[in-house]
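Colleague: I'd like to learn how to read a few side-chain features in a model like this. Could we start with the cysteines and then move on to the rings?

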Amino acid sequence: MQAWPAPTIPVLPGQGPQLRLYDSADRQIRPVSPGPTATMYVCGVTPYDATHLGHAATYLTFDLVHRLWLDAGHHVHYVQNITDVDDPLFERAARDGLDWRELGDRETQLFREDMTALRVVPPRDYVAATEAIDEVVEMVEKLLASGAAYVVDDAEYPDVYYRADATVQFGYESGYDRETMLRLFGERGGDPDRAGKADELDALLWRAERPGEPSWPSPFGPGRPGWHVECSAIALTRIGTGLDIQGGGSDLIFPHHEFSAAHAESATGERRFARHYVHAGMIGWDGHKMSKSRGNLVLVSRLRADGVDPSAVRLGLFAGHYRSDRFWSDQVLAEAEARLARWRSAAALPAGPDATDVVARVRQYLADDLDTPKALAAVDGWVEDALTYGGHDAAAPRTVATAVDALLGIELG
């Protein structure tokens with residue numbers, strides 16, 4: 001699958017500091033310590049509707065990680081999937097009278113356009129679930145052979161399930177108790193009431209062919225991948241073990257990330273799928289979390305069509321910390337647009353105050369668990385001084401603009 005064009009990222013003098021991020025499994029901020037090539041897997045969209053600001057906040061979070069790794073001198077191997085075969089896609093396609101492939105292709109292209117406009121650095125590997133069927137089948141075979149998976153005794157639909165107790169460490173990523181797991185499992189795509197399962201928490205690996213649904217051949221019968229195993233298989237075949245970051249929105253912690261990690265750990269024998277599990281908070285609108293099911297969406301494409309500068313969208317989302325659940329509003333957008341205008345005015349000055357300290361502080365704040373509110377405040381301080389008092393450093397405005405571009409992805413020129 002083709003990703004989107006990469007933005008030009010300027011290179012700053014020197015190198016940024018080591019990145020520290022909150023790890024959802026360890027419940028603390030820890031250093032991220034990649035080798036020369038940093039590796040990251042971030043879960044992609046199910047393309048049955050347009051990109052909303054909740055999606056944007058997640059992908060901008062990991063865009064910051066990507067940019068900070070580049071600034072620290074690392075190469076980055078970033079992989080993202082597209083869940084282009086799943087129930088929500090089929091349901092929306094049937095509702096709209098479209099072929100599910102046509103709907104998926106259309107929304108994937110819109111997602112690419114939104115990511116391009118937001119200047120998100122693309123993944124090296126952008127992989128659709130339908131492109132990874134062979135890898136999924138091979139992984140399910142391994143899990144069946146090891147006893148980590150089983151076929152439900154159902155003559156009509158012999159689905160394959162993963163045993164939630166296949167690894168002794170299951171549950172370490174979320175830290176949830178069984179009652180919470182069962183509740184979230186039922187709310188987020190699981191099927192705790194499926195007859196014939198060994199345990200209510202066991203997760204679908206391979207869905208046997210149903211009438212009217214697409215299917216692919218396998219040694220255990222025609223069907224299609226379950227949701228979680230898709231990401232496990234893609235991450236292992238594109239990156240391998242020792243993943244530095246598995247990332248996504250906080251609503252993926254359980255069951256999706258818990259199970260995708262467990263599948264990979266069962267298949268490889270590794271104790272821990274990723275060194276860091278990193279999750280972005282939810283974005284709300286009109287008093288609720290922004291979601292397709294609720295319909296309270298602020299679409300990136302709609303903002304673009306209304307003439308909103310994508311840099312203002314970035315600034316509006318960066319005004320809150322990436323791990324916090326927060327609300328978007330007209331006021332948030334207005335404040336972001338005003339901030340962007342001030343920053344651009346300062347960047348256009350013939351000279352300004354020395355920029356050495358502000359660049360160092362922006363680097364340090366971002367490296368400290370992506371503290372964008374402090375980073376924006378640091379730039380605000382320099383901008384206020386530049387607009388109020390001027391300065392004698394002719395290179396300073398360009399230095400600040402370059403840093404803001406490289407680290408925050410915001411164009412001031």
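Modeller: Sure, and keep in mind that this is a predicted model. Take the cysteines: the sulfur closest to that of Cys43 belongs to Cys231, at 3.8 Å, which is too far for a bond. A disulfide needs the two sulfurs within 2.5 Å.

Colleague: How many disulfides does that leave?

Modeller: The count is 0. Seen from the other side, Cys231 is in no disulfide either, with the sulfur of Cys43 as its nearest cysteine sulfur, 3.8 Å away.

Colleague: Is Cys43 buried or exposed? And what about Cys231, buried or exposed?

Modeller: Buried means under 20% relative accessible area. Cys43 has 5% relative accessibility, so it counts as buried. Cys231 has 2%, so it counts as buried as well.

Colleague: On to the rings, then. What describes a pair of aromatic rings?

Modeller: Two things: the distance of the centres and the angle of the planes. In this structure there are 13 aromatic pairs. One of them joins Trp4 and Tyr126, with 5.4 Å centre to centre and 80° between the planes, and it is edge-to-face.

Colleague: Which parts of the chain does that pair tie together?

Modeller: Trp4 is in the segment before β1 (20–23), while Tyr126 belongs to strand β5 (residues 125–128), so the contact ties together parts 122 residues apart in sequence. Trp4 counts as buried because its relative accessibility is 6%. Tyr126 is buried too, at 3%.

Colleague: Can you walk me through another one?

Modeller: Try Phe90 and Trp100. Their ring centres are 5.6 Å apart and the planes meet at 80°, so this pair is edge-to-face; the angle cut-off for that label is over 60 degrees. Phe90 sits in helix α2 (residues 87–96) and Trp100 in helix α3 (residues 100–117), 10 residues apart, and the pair links these distant parts of the chain. Phe90 is buried, with a relative accessible area of 14%, and Trp100 is buried with a value of 14%.

Colleague: Which residues do ring pairs link into a cluster?

Modeller: Tyr162, Phe170, Tyr176, Phe185, Phe254 and Phe259. When you have the viewer open, pick those six rings and follow the pairs from one to the next.

Colleague: Last one: where does the charged end of Arg210 sit?

Modeller: Over the ring of Tyr157, at 4.1 Å from the ring centre. There's also Arg323, whose charged end sits over the ring of Tyr22, 4.3 Å from its centre.

How values were computed: Residues numbered from 1 in each chain as written. Predicted model: local features only at pLDDT ≥ 70, side-chain atom pairs only at ≥ 80, totals over all residues. Heavy atoms only, no water. Buried < 20%, exposed > 50% of the residue type's maximum accessible area, 1.4 Å probe, protein only. Phe/Tyr/Trp six-rings, centres within 6.5 Å; stacked < 30°, edge-to-face > 60°. Helix = DSSP H or I, 4+ residues; strand = E, 2+ residues; numbered from the N terminus. Lys NZ or Arg CZ within 6 Å of the ring centre and 35° of its normal.
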